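Please look through the structure shown here with attention to its interior, to one loop residue and to one part of its surface.

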Amino acid sequence: MGWLSGDWKERLLHLLLPRTCGACGRDLPYLLQGPLCGPCLAGLEVLRPPYCPRCGMAGRARTRCRRCERLPSQTPVTRAAFRYRGPLPPLLHAFKYGGRLDAGRALGDWMAGAWRRHPE
């Protein structure tokens with residue numbers, strides 16, 4: 001077992017069963033950390049103002065969108081780290097339904113970082 005110790009086990013496992021991108025399914029490079037390939041990571045769109053203070057949809061700053069104005073809510077404010085498009089929906093599905101714990105850790109880290117941007 002000497003030649004299969006340490007890093008060799010991980011390299012062999014990666015050779016036989018490479019990690020894949022949580023959004024597009026491409027094989028991830030051996031040393032890449034995180035659940036997304038480079039193009040998918042670049043495709044995440046950070047939520048920036050102006051947006052609806054309740055749902056985060058693009059719109060006028062500090063004014064609810066038309067949909068949120070019509071709907072009653074027990075939750076006056078919700079926040080997201082990214083817009084729900086591009087690689088985000090399949091990454092969330094990979095975590096929720098595919099058992100991709102690495103995706104959950106990354107999503108949690110990104111959301112923790114987003115809290116600093118929102119004074120609410």
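In this predicted model, the largest nonpolar core has 13 residues, and among these C21 and L36 touch the most other members. Helices α4 and α5 each supply at least two residues of this core, and α5, with three residues, gives the most to it. The surroundings of L36 can be followed residue by residue: with its neighbours within four places in sequence left aside, L36 is in contact with C21, G22, A23, L28, L41, L44, L91 and W110.

C21 and G22 also lead to a charged side chain, since R100 touches both of them, along with T20, P35, A94 and F95, when residues up to four places away in sequence are not counted. R100 is placed in the loop between α4, which covers residues 88–98, and α5, which covers residues 101–115. Is this arginine, R100, buried or exposed? Because its relative accessibility is 18% and the limit for a buried residue is under 20%, R100 counts as buried. The side chain of R100 is also joined to that of D102 by a polar contact of 2.9 Å.

The surface offers another view, in helix α1, which spans residues 7–16 and contains L13. With a relative accessible area of 52%, L13 is exposed, because the category begins at values over 50%. L13 belongs to a nonpolar patch on the surface that it forms with L12, L15, L16 and L17, and together these leucines have about 550 Å² of accessible area.

Terms used
Residues numbered from 1 in each chain as written. Predicted model: local features only at pLDDT ≥ 70, side-chain atom pairs only at ≥ 80, totals over all residues. Heavy atoms only, no water. Helix = DSSP H or I, 4+ residues; strand = E, 2+ residues; numbered from the N terminus. Buried < 20%, exposed > 50% of the residue type's maximum accessible area, 1.4 Å probe, protein only. Polar contact = N/O pair within 3.5 Å; in protein donor to acceptor, adjacent residues only side chain to side chain. Contact = heavy atoms within 4.5 Å. Patch = residues over 30% accessible without salt bridge, like charges linked within 9 Å, V, L, I, M, F, W, Y side chains within 5 Å. Areas by Shrake-Rupley, 256 points an atom, 1.4 Å probe, with all protein chains shown as cover. Salt bridge = Lys/Arg side-chain N within 4 Å of Asp/Glu carboxyl O. Core = buried A, V, L, I, M, F, W, Y, C linked by side-chain atoms within 4.5 Å.
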